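Notebook open, coffee poured. I want to look up how one strand sits among its neighbours and what lies beside it.

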Amino acid sequence: MDGTARQLSARSRSRLEPDVQNEPPAGDVTRVPGVESVAFTTDSPEKVAARLRRFWTDEVVVPQERGRIGYELTALCSPRLSIGKVGCRVGRTSRASVAQPMLQVPLDCSADFRIGRTKVAIGPGDAVLLPPGHEYTAHISAGSALFIQVDTAVLVQGLPSGRAGRPRHWVSRCVPIDVSGTSATSLLTEVGSLLKASEFTSIGDRAAAFVDAERRLVSWLTGALLVYDTWSALFFV
């Protein structure tokens, strides 16, 4: 982690506790009104890239080890918010960008991100907010991670009156966020539960729980960014 990212991380720890045209093949997606459930497993890096285009753009995944990569993804998606869990049996290098702001949260892996000159190293208890429209490179160890992707307009609408400005472009940088606090841990536990279909009797019940959690997740992320005072760092306004 470089000096700028380390300073941001230290400050934050002390102060805070769809692309529809690229949908996965039929059979991977289950729909109920307003919510889609996505799940797949593959050993093909090419299929990983093809199926992740609804969340990432220009995704390139290069496994760092031989053998079965066992890439898995489960996700719930609405027009406002997508949550998901990705896992891989081997370490990998990922080159991509995101179409909407995305928080990536390691569960039992570590990752080194780089966007431009900014470097951020994260592990369990940490997270990184990826700005849309800028390519990043990440070296990710074997294991799993959560992601929360929020529509940009939804985040901006969550700002207090007079704080949103009129963002034209996201600054090319990663923002480290501490997620080891009680409130963040509770919400991330809820995200993990929502992604386990076995905990719900039907997709309808799961979708209803997702819609119920959506407002809290968006509110938490917006509030976290305000506490970290990262809006000026994220946008040209």
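I started with the pairing of S7 and S12 (residues 143–150): 5 bridges join the two strands, which run antiparallel. Strands here are DSSP runs of E, at least two residues, numbered from the N terminus, and two strands pair if DSSP finds at least two bridges between them. Leu103 of S7 stands opposite Ile148 in S12.

A note on provenance: this is a predicted model, where local features need pLDDT of at least 70, side-chain atom pairs count only at pLDDT 80 or more, and totals for chains, interfaces and linings use all residues. Residues are numbered from 1 along each chain as its sequence is written, and side-chain values use heavy atoms, with hydrogens and water left out.

Next I looked up the other partner. S7 is also joined to S10 (residues 126–130) by 3 bridges, again antiparallel, and Gln104 has Val128 as its bridge partner there.

Then burial of S7 (residues 102–106): 5 of its 5 residues are buried, meaning under 20% relative accessible area with a 1.4 Å probe, protein chains only. I find Met102, Gln104 and Pro106 on one side, Leu103 and Val105 on the other. Side chains in a regular strand alternate between the two faces of the sheet.

Last, the largest cavity (points on a 1 Å grid over the protein atoms alone where a 1.4 Å probe fits but cannot get out; lining residues have an atom within 4 Å of a point). Its lining has 19 residues, and Gln104 is among those nearest the centre, with Trp56, Val86, Arg92 and Ile140. S7 is one of the elements that give two or more residues to that lining.

Conventions
Buried means under 20% relative accessible area, exposed over 50%, partly exposed in between (1.4 Å probe, protein chains only). Helices (H or I, at least four residues) and strands (E, at least two) are DSSP runs, numbered from the N terminus. On a 1 Å grid over the protein atoms alone, a cavity is a set of points where a 1.4 Å probe fits but cannot get out, and a pocket is an open set with protein on both sides within 12 Å along at least five of seven lines; lining residues have an atom within 4 Å of a point.
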